[in-house]
Amino acid sequence: MYSPEVTRASNFVQGVDTAFLVILGVSFFFLISLTVVMIYFIYKYNRKRHPVATQIHGSTKLEIIWTVVPFLLTMVMFYYGWAGWKPMKNAPKDAMEVTVYGRMWNFSFEYENGRRTDTLFLPKDQPVKLNLKALDVLHSLYIPAFRVKQDMVPGLEDNSMWFEPQKVGNYDLFCAEYCGLQHSYMYSTVKVMEAEAFNDWITDTTQVVLSAEMDTPANTGKRIMQNIGCFACHSIDGSKLVGPSYKGIWGAEHTVVTGRETRQVIVDEEYIKRSIYDPNADVVDGYMKGLMVSYEGQLSDDDIDNIIEYLKTLK
Amino acid sequence: MQNEHAANEANYLKYQGKYKGLFAWIFSTDHKRIGLLYLYSIMSMFFIGVLLGLAMKFELLAPGKTIMDAQTYNATFTVHGVIMIFMVVVPGLPAIFGNFLLPIMIGAKDVAFPKLNLLSWWLYMIGVFLVIAALLFGNGAPDTGWTFYAPYSFKTGTNLLPAIFGAFVLGFSSILTGLNFLVTIHRMRCPGLTWSKLPLFVWTLYGTAWIQLLATPVVGITLVLVALERFFGIGVFDPALGGDPILYQHLFWIYSHPAVYIMILPAMGAISEIIPTFSQKQIFGYKAIIASTMAIAFVGYLVWGHHMFTAGMSGTAQYYFSLLTFIVAIPSAIKVFNWISTMYKGAINVQTPLYWGASFIFVFMIGGLSGLVLGSLATDVHVHDTAFVVAHFHYIVFGGVGFAFFAAIHYWFPKIYGRMYQKSWANTGWLVFFIGFLALYSPMFYLGMAGMPRRYYDYLDEFHSGNILSTFGSWIMVTGLVIIVVNLVRSARKGKPAEMDPWHSKTLEWTVPSPPPLENFDDIPVIAEDDGPYNYK
């Protein structure tokens, strides 16, 4: 949260955290002092020690004081909240633009040169404006380390947010507006790079969809599958969704329908690849044909290898 | 004594009218029986909601699947929210304690329209059945969240329209109760009971009644618009038809935000009765508390937009909604100052209701102060739609209304049932519940500031420790709840008979026998010049 390595990850952190400090500081002061006073009164004026109450009807002076003082304090808080928020509303003209598409249940990012990714790659110290497009329902793009959040509203034109990343690193990016079944799996990563590294990356056209490398091939595979939305229809816990579950899939024997024939297959690399590139060739018995479309062209062979590594872990 | 004995024979619990058994209750127009009907029906819904909440917390004990799949989890938090908001906390205190106490507190024999009052309970039950039916039939329980945000709620094939219709019927029950209370308070005060001598609980019911009457019809407007869109394809909310999903959010919160004040005002009223009684002292700043009640009721209409700071509203709208939100915080602060000042130089009798009352002030302060974080623009952008919001509104809605409810039930229990509960068990229950409550909801403030979004079936490892503590807290809190409820249920049947005025209070309900006779008063009381609800000598 306030750990030093993410502090100042974006240009808004300071303004937002100052507002937090002011509000929480005042709040803790009042919470603690009022609680202490209350407990003290309950002890001191317990009827064992103070058997006869002194009747006091009130005090206009005190009422005025505790109306005016909180009013002034809340106006101070309002000011800091406003001051930290105001710059979020005006994106600089020279900001780099990235279009973000939110759909159930993944984000994709499109750069000005047409490159599309599932991870938000950004150069350090460059203002960036994200144009937000929701393709189906409400989503919300939230990067906690940057202190920014904006809902993505289907049908709303000119919906954008901006910020300037100021520290190299990987940051969580969440969907914060509830969007259905896999809402909690709709997250991605912001990868902030030095400007030169970013320029090398953005001009490299050898890959179609890019995922940030994770620590192991299996984790990379999981990320790819999250990002292209596999888990919307395939569970990993054995429950039956639109498509068959991935649980225990590797090496299992499946009954599939090929054309009009029913046959047995062993789930191996070749079968998985065929299921991704030509999903309607073999359809697991009991599931509908024609629901899944081919991912050919969207995934590289490396991606498929990583996916297989991940599927192997789902025992 | 003779007189008291005679009155007890015809007390409202034992009174035998036209019907017998269950019918003697569900067709009774006696405001006290109707109050208890609400108590039993609302508590039943509350226990269902608690079980669902417990299941959610269990699921979040560890990342990944713990006991249920994502679809079940999403349905669980939706049904939990719908039940707790629309069926428990919104009707909550006004329907239970308002019905039971309002006529007695103002020296009347019943509310102005007893039959309408019974109809309100029936409408409540019909609303409950409609909503539950909408939840259970159709393509499984809905998974939209209790806010039913467009356009997701229109896409899931769940029974949106019947659910909103059910919410409207529940709302109608609320409107009629509000109307009934308004007329009762205006027309049926006993001689000498001027506006400046009304108990503060009655004043909060008065403010609440206006909100019920004026804000609830918005649910009806929303229902009509949803129906137009569904049946005639007129694009109102659904962007696929050219509608605006943000309009739905506006309409939803124009009702649902004032509804928060429907919940909290009577809670504040109950606390304003309990603190003076157990301090044996005049309430501090009677008029200031009334003024703050009415200020909350009024400004509360104008702050709904603070639920939508990141939704895509104009900057100007956000600015004003933030400013007004800070202003509505001030009357609540005034109340806290006055409550604590009431204890100053009192002769404080530390009993179970005071434990609940004092802990109410504590959790209500946390709930209110965390609300400042959400009312402020910069900080709200960060913590909106995170676990922080969940912590905040549970502190207000459960901490505020829930603690006030338990304070009220332990305060008025001897009057309602004519029996006393076991004090030691009641205090133990309070302590366990209080500790569990803090452990359950406090970690969510941290989780939200660390960036964990709400309505998350699964979460990243970095959020694990906070969730473990929260889940443990839920077990402790429910243990406390079981102790409290078992003690009360047992005591309602077997407790020691209660005196007429066990706490030495000054409001009128303590001048009638416990439990009160059918029509409360043999003779309508007359309030003398120097009498008043808080005139302790």
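User: Two residues are in contact if their C-beta atoms, placed from the backbone, lie within 7 Å. On that basis, what share of the contacts in chain A with a separation of 6 or more comes from residues 24 or more positions apart?

Analyst: This is a predicted model. In chain A, residues 24 or more positions apart make up 65% of the contacts with a separation of 6 or more.

User: And in chain B, how much of the contacts between residues at least 6 apart joins residues at least 24 apart?

Analyst: For chain B, 84% of those contacts join residues at least 24 apart in sequence.

User: How many helices and strands are in chain A?

Analyst: Chain A has six helices and 14 strands. Its radius of gyration is 27 Å, whereas the globule rule gives 20 Å for 315 residues, so chain A is more spread out than a compact globule.

User: What box do its C-alpha atoms fill, and what percentage of chain A is buried?

Analyst: Taken along the principal axes, the box for chain A is roughly 95 × 55 × 35 Å. Of the 315 residues in chain A, 37% are buried.

User: Now chain B. What is its secondary structure?

Analyst: Chain B comes to 18 helices and zero strands. The radius of gyration of chain B is 23 Å, which agrees with the value near 24 Å that a compact globule of 537 residues would have. The C-alpha trace of chain B spans about 70 × 50 × 45 Å along its principal axes, and 61% of the 537 residues count as buried.

User: Back to chain A. At what angle do helix H1 and helix H2 of chain A pack?

Analyst: Helix H1 (residues 13-44) and helix H2 (residues 60-85) of chain A pack at about 165 degrees, with their axes 8 Å apart. Angles over 145 degrees count as roughly antiparallel, which makes H1(A) roughly antiparallel to H2(A). The crossing of the two is left-handed.

User: Which residues make that contact?

Analyst: On the H1(A) side they include A:Val16, A:Ala19, A:Val22 and A:Ile23. H2(A) contributes, among others, A:Leu73, A:Val76, A:Met77 and A:Tyr80. The residues of this contact divide into ten nonpolar, four polar and no charged.

User: Different topic: where are the cis peptide bonds you have listed?

Analyst: One joins A:Met104 and A:Trp105, with omega about 0 degrees. A:Trp105 sits in the loop between strand E1 (96-103) and strand E2 (106-110) of chain A. Another runs from B:Ala150 to B:Pro151, with omega near -5 degrees. B:Pro151 is in the loop between helix H6 (114-136) and helix H7 (152-155) of chain B.

User: What is phi of A:Arg147, and is that residue buried or exposed?

Analyst: Phi of A:Arg147 is near 65 degrees, a positive value in a residue other than glycine. A:Arg147 lies in the loop between strand E6 (139-143) and strand E7 (148-152) of chain A. A residue is buried if 20 or more other C-beta atoms lie within 10 Å of its own; A:Arg147 has 28, so it is buried.

User: And B:Gln280, where is that?

Analyst: B:Gln280 is in the loop between helix H11 (245-279) and helix H12 (286-299) of chain B. Its phi is positive, about 55 degrees, although B:Gln280 is not a glycine. With 23 other C-beta atoms within 10 Å, B:Gln280 is buried.

Technical notes
Residues are numbered from 1 along each chain as its sequence is written. Chains are lettered from A and ligands numbered from 1 in the order in which they are written. This is a predicted model: local features need pLDDT of at least 70, side-chain atom pairs count only at pLDDT 80 or more; totals for chains, interfaces and linings use all residues. Helices (H or I, at least four residues) and strands (E, at least two) are DSSP runs, numbered from the N terminus. A residue is buried if 20 or more other C-beta atoms lie within 10 Å of its own, exposed if 12 or fewer, and partly exposed in between; C-beta atoms are placed from the backbone. Axes are lines fitted to C-alpha atoms, for helices over the stretch in contact, and angles run from 0 to 180 degrees between N-to-C directions. Angles under 35 degrees count as roughly parallel, over 145 as roughly antiparallel, 65 to 115 as roughly perpendicular and the rest as oblique. A crossing is left-handed if the near helix is turned anticlockwise from the far one by less than a right angle, and right-handed if clockwise. Ala, Val, Leu, Ile, Met, Phe, Trp, Tyr, Cys and Pro count as nonpolar, Asp, Glu, Lys and Arg as charged, and the others, Gly among them, as polar. The radius of gyration is taken over C-alpha atoms; the globule rule is 2.2 Å times the number of residues to the power 0.38.
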